[in-house]
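Okay, everyone, thanks for coming. I'll walk you through one structure today, so have a look at the screen.

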Amino acid sequence: MLMVDAYIGLGSNLQQPRQQVTLALQALTTIPASELVAASSLYRSDPMGPQDQDDYINAVACLR
């Protein structure tokens, strides 16, 4: 079986964004025939587009 790495960007600025991103990282561990190899720390970024919205909480995950 060929093993490849996939990098996935995660982000949320709605409904407890830290919790949303953390739950998404946990969900990635349940994908069959894959492994969560690494995950970045959570980081904050300014919203793109309209500035009258909350900042984003982001992370990057590496699956194999």
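Let's start with this: which side chain is joined to that of Asn13 by a polar contact of 3.0 Å? The partner is Gln53, side chain to side chain. One caution before I go on: what you see is a predicted model.

So where is Asn13? It sits in the loop between strand S1 and helix H1, and H1 covers residues 17-28. You might wonder, is Asn13 buried or exposed? It counts as buried, because its relative accessible area is 8%, and the cut-off for buried is under 20%. Asn13 has another polar neighbour too: a polar atom of its side chain lies 3.1 Å from the backbone oxygen of Asp54. And if we skip residues up to four places away in sequence, Asn13 touches Gln53, Asp54, Asp55 and Tyr56.

Stay in that loop for a moment, please. Gln16 lies between S1 and H1 as well, but Gln16 is exposed, with a relative accessible area of 55%. Now look at its backbone: phi of Gln16 is near 60°, so a positive value in a residue that isn't glycine. Why point that out? Because most residues other than glycine have a negative phi. Ala33 also has a positive phi, near 60°. You'll find Ala33 in the loop between H1 and strand S2, which is residues 36-39. Ala33 is exposed, at 73% relative accessible area.

Right, on to the inside. How many residues make up the largest nonpolar core? Eight: Leu10, Val21, Leu25, Leu28, Ile57, Ala59, Ala61 and Leu63. Helix H1 and strand S4, residues 56-63, each supply at least two of them. The largest share comes from S4, with four residues. As a general rule, nonpolar side chains tend to be buried together in soluble globular proteins.

Let me pick Ile57 out of that core. Leaving aside residues up to four places away in sequence, Ile57 has quite a list of contacts, including Leu10, Val21, Leu42 and Tyr43.

Tyr43 brings us to the outside. Which residues make the nonpolar surface patch of about 320 Å²? They are Tyr7, Tyr43 and Val60. Tyr7 is found in strand S1, residues 6-12, and Tyr7 is exposed, with a relative accessible area of 61%.

If you take one picture home, let it be Asn13: buried at 8%, with its side chain in polar contact with that of Gln53. Thanks, that's me done.

How values were computed
Residues are numbered from 1 along each chain as its sequence is written. This is a predicted model: local features need pLDDT of at least 70, side-chain atom pairs count only at pLDDT 80 or more; totals for chains, interfaces and linings use all residues. Side-chain values use heavy atoms; hydrogens and water are left out. Patches are made of residues with over 30% relative accessible area and no salt bridge: like charges are joined within 9 Å, nonpolar side chains (Val, Leu, Ile, Met, Phe, Trp, Tyr) within 5 Å. Accessible areas come from the Shrake-Rupley method with a 1.4 Å probe; for residues, only the protein chains shown count as cover. A salt bridge is a side-chain nitrogen of Lys or Arg within 4 Å of a carboxyl oxygen of Asp or Glu. Helices (H or I, at least four residues) and strands (E, at least two) are DSSP runs, numbered from the N terminus. Buried means under 20% relative accessible area, exposed over 50%, partly exposed in between (1.4 Å probe, protein chains only). A polar contact is a pair of N or O atoms within 3.5 Å; within protein, one must be able to donate a hydrogen and the other to accept it, and residues adjacent in sequence count only if both atoms are side-chain atoms. Contact means heavy atoms within 4.5 Å. A nonpolar core is a set of buried Ala, Val, Leu, Ile, Met, Phe, Trp, Tyr and Cys residues joined through side-chain atoms within 4.5 Å.
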